[in-house]
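Good morning, colleagues. Please take a moment to look at the sequence and the model before I begin.

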Amino acid sequence: MRRLASAPHHLGSAEGARNAEWIRARFQEWGFDARIESFDVLFPTPKQRVLELVAPFAFRAALAETPLREDPTSGQTAQQLPTYNAYSIDGDVTAPLVYVNYGVPEDYEELEKLGVDVRGKIVIARYGEGWRGIKPKVASERGAVGCLIYSDPREDGYFAGDVYPKGPFRPEQGVQRGSVADMPLYSGDPLTPGVGATPEAKRLERGAAQTLTKIPVLPISYADARPLLSALSGPVAPEKWRGALPITYRIGPGPATVHLKLVFDWRLVPARDVVARITGSVWPDEWIVRGNHHDAWVNGAQDPISGLVAMLEEARAVGALVERGWRPKRTIVFCAWDGEEQGLLGSTEWAETHAAELSEKAVAYINSDTNGRGFLSVGGSHSLETLTGAVAAEVEDPEKKINALTRARLKRIADATKPEERRRARERAGIRIEALGSGSDFTPFLQHLGIASLNIGFDGEDDGGIYHSIYDDFNWYSHFSDSDFSYARALAQAGGLLTLRLADADVLPFDFSPVAEVVAQYVKEVSELADAKRQEAEERSRQVEENLPWAVADPRKPFVAPKPESAVPHFDFSPLQNASDALTAAAEAYARAFEAAFAPGAPKIPPERLKRLNAELRGFERSLTSDSGLPGRPWYRHVVYAPGAYTGYAVKTLPAVREAIEQRRWNEVNTASGATAAVLQKAAGQIREATKLLTPAQ
Ligand SMILES: [Zn+2]
């Protein structure tokens with residue numbers, strides 16, 4: 001970590017290239033066939049950044065993080081990327097300011113009630129509540145001409161605890177860099193959606209790239225945000241909107257008037273993925289892919305080196321086994337990705353370039369990213385849940401000295417908010433893995449190609465406010481996170497066991513019962529969501545009939561009459577319910593057949609049948625995808641898990657159905673439900689095929 005985080009190593013930097021070479025050399029030293037695969041990707045960096053308050057008083061934002069004497073790498077200013085959001089467009093705008101809280105759709109509904117319009121304004125949103133790229137997306141849809149995003153001290157600054165270097169939290173000049181691409185549309189290079197960004201790839205004109213923002217966006221510190229926010233008048237912000245600055249939070253618009261000017265250098269730079277493999281001895285054409293990114297926004301000790309060093313330890317251990325004469329039955333591919341921070345560039349371009357081969361050969365993709373102290377947290381394909389639980393049972397929590405499964409399970413019981421939830425958590429002997437939206441390199445594998453995927457890491461006990469700033473470095477990590485690297489070892493054990501078991505199991509360790517279980521739950525949820533929307537609409541029309549909103553409003557405050565709402569129709573979820581039942585039945589039959597196949601005295605599965613069985617098993621996740629993809633965003637093909645169009649990181653399960661309901665596209669709900677159900681039926685068929693191959697011919 002000290003070596004890899006010793007200098008800023010972002011995409012396209014000299015240090016990033018040196019790190020890639022260094023990682024490749026380690027893989028080679030450990031006996032892997034390792035090389036660097038490069039892609040040419042669009043990476044804007046700032047040429048000019050101006051943010052100033054022009055009324056009611058003059059103030060020019062510093063837009064710079066302060067080096068700290070206590071932190072040796074924080075002063076590497078010549079190599080640090082300036083504070084900015086990647087894939088903001090160029091712009092030069094001057095307009096009154098409006099405070100929009102987190103800048104998510106619900107916040108704009110609140111603004112509407114308050115009679116505040118953002119058309120022609122610059123909005124200022126605080127970080128938090130979902131993917132930062134959603135903030136400029138929603139702002140531009142509402143007619144804003146510019147967007148500022150700041151880190152409020154309430155979230156990760158002095159309200160939370162002592163700031164760095166005294167404590168782990170964000171100092172006043174700390175800024176969260178980050179991508180603002182519209183990633184829920186597609187991840188990867190904005191100019192090459194769906195294909196690898198190779199030299200010969202056909203590229204979009206920059207103006208045609210749909211994932212760039214529509215308005216200029218800039219992230220700022222709370223030191224820079226404070227004068228802007230304090231110059232706002234207009235209504236006092238609702239209580240939940242108030243942060244921890246010593247000011248009265250007001251919404252505006254104005255009289256604060258802001259000038260924002262951004263000019264970027266729109267260059268193509270090489271994204272350098274390091275890809276290392278050990279060829280399998282029995283099934284070389286079945287691949288277990290393990291990945292973690294190597295690029296950072298600045299020094300990035302936590303993000304991503306804390307996860308990368310664990311993965312490199314796994315590779316070193318695999319190398320040591322190979323040296324002793326062992327070989328995996330399947331091929332193991334270790335990948336250190338570049339350009340994750342800008343929008344999963346290295347992983348997406350690699351996955352798109354090798355799509356056909358991966359679709360044929362990949363058994364699973366195991367991802368990690370940041371790692372720290374706390375609980376084993378796993379998200380991903382529920383077909384791998386049983387395997388994950390078994391692995392977690394063998395990894396010791398380094399501080400509590402109990403196994404990681406027990407600790408994660410007890411944490412789930414402790415965190416349950418309802419007795420029913422607590423009961424279910426107690427009944428579950430294994431681990432429960434979360435559904436995945438986006439936010440790291442698993443996305444192209446899971447949601448674009450339909451490869452069973454996991455995202456693993458320890459977290460939950462490290463506080464801090466250094467994310468994507470110059471302060472995420474070795475000094476911070478070794479003081480405030482996994483300072484003895486014992487959780488790095490635990491992550492390497494978890495990732496290593498998952499990889500080795502997938503590589504060596506005769507019958508791939510997929511279990512479909514957890515899939516059937518969560519799908520049944522998701523079907524129930526979308527049906528309940530529709531009912532809740534219907535009740536909400538009924539209540540609102542009743543209130544309008546009663547003239548309630550007007551009667552209870554304070555006559556001295558502006559009043560905006562709520563719009564009348566149309567009734568919510570009833571939907572047909574029976575295709576989904578039938579598909580869910582089919583999955584449950586198929587999963588149960590597979591489990592019975594599996595038990596019989598491995599009962600004492602059962603005949604050994606002949607090699608030819610085993611090969612076909614494993615092909616069916618690794619095809620299961622693919623059977624959960626649709627060729628046409630999700631409505632309006634065809635790059636995302638998984639029908640069970642997707643990042644939300646208006647949440648980004650956070651998952652939407654059964655996304656086509658759920659989002660049609662959430663976005664009140666009533667006439668699309670039945671179609672989405674039918675299309676999703678057809679894919680789930682196909683997946684049930686896939687399990688039945690595997691079951692046949694597990695059962696000896698009569
Ligand atoms: Zn990361």
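I shall speak about a metal site, two helix pairs, a buried serine and some backbone features.

First, the basis of the description. This is a predicted model, in which local features need pLDDT of at least 70 and side-chain atom pairs count only at pLDDT 80 or more, whereas totals for chains, interfaces and linings use all residues. Residues are numbered from 1 along each chain as its sequence is written, and side-chain values use heavy atoms, with hydrogens and water left out.

Let us turn to the zinc ion. Its protein donors are His 293 through NE2, Asp 303 through OD, and Asp 369, which is listed twice through OD; they lie 2.0 to 2.6 Å from the ion. Donors are N, O and S atoms within 2.8 Å of the metal (3.2 Å for Na, K and Ca), and since water is not among the atoms, sites may look incomplete. Along the chain, the donors follow the spacing H-x9-D-x65-D. Asp 303 belongs to helix H6 (residues 301–323), while Asp 369 sits in the loop between strand E12 (362–368) and strand E13 (374–380), so that this pair, 66 residues apart, links distant parts of the chain. Helices (H or I, at least four residues) and strands (E, at least two) are DSSP runs, numbered from the N terminus.

Why is the arrangement around the zinc ion called irregular? The 4 donor atoms subtend angles of 53 to 148 degrees. Four donors count as tetrahedral if all angles lie between 85 and 135 degrees; four count as square planar and six as octahedral if opposite donors are over 155 degrees apart and all others between 65 and 115; anything else is irregular.

Are the two aspartates, Asp 303 and Asp 369, buried or exposed? Asp 303 counts as buried at 5% relative accessibility, and Asp 369 counts as buried at 11%. Buried means under 20% relative accessible area, exposed over 50%, and partly exposed in between (1.4 Å probe, protein chains only).

Helix H6 also has a packing partner. Helix H1 (residues 14–29) packs with H6 at an angle of about 25 degrees, their axes being 10 Å apart. H1 is therefore roughly parallel to H6. Axes are lines fitted to C-alpha atoms, for helices over the stretch in contact, and angles run from 0 to 180 degrees between N-to-C directions. Angles under 35 degrees count as roughly parallel, over 145 as roughly antiparallel, 65 to 115 as roughly perpendicular and the rest as oblique. Trp 22, Ile 23 and Phe 27 of H1 meet Leu 308, Met 311, Leu 312 and Ala 315 of H6, where contact means heavy atoms within 4.5 Å.

In a second pair, helix H9 (residues 385–392) and helix H14 (residues 486–504) have axes that come within 10 Å and cross at roughly 130 degrees. H9 and H14 are therefore oblique to each other.

Next, Ser 88. Ser 88 is in the loop between strand E3 (85–86) and strand E4 (91–99), and at 0% relative accessibility it counts as buried. Among the residues that Ser 88 touches are Val 180, Thr 213 and Trp 266. Ser 88 and Val 180 are 92 residues apart in sequence, yet 6.5 Å apart in space, C-alpha to C-alpha.

Finally, the backbone. Most residues other than glycine have a negative phi, and most peptide bonds are trans. Nevertheless, a cis peptide bond joins Asp 303 and Pro 304, with omega about 15 degrees. Lys 401, although not a glycine, has a positive phi of about 55 degrees, and at 53% relative accessibility Lys 401 counts as exposed.

Technical notes:
Lists of a residue's contacts leave out its neighbours within four places in sequence.
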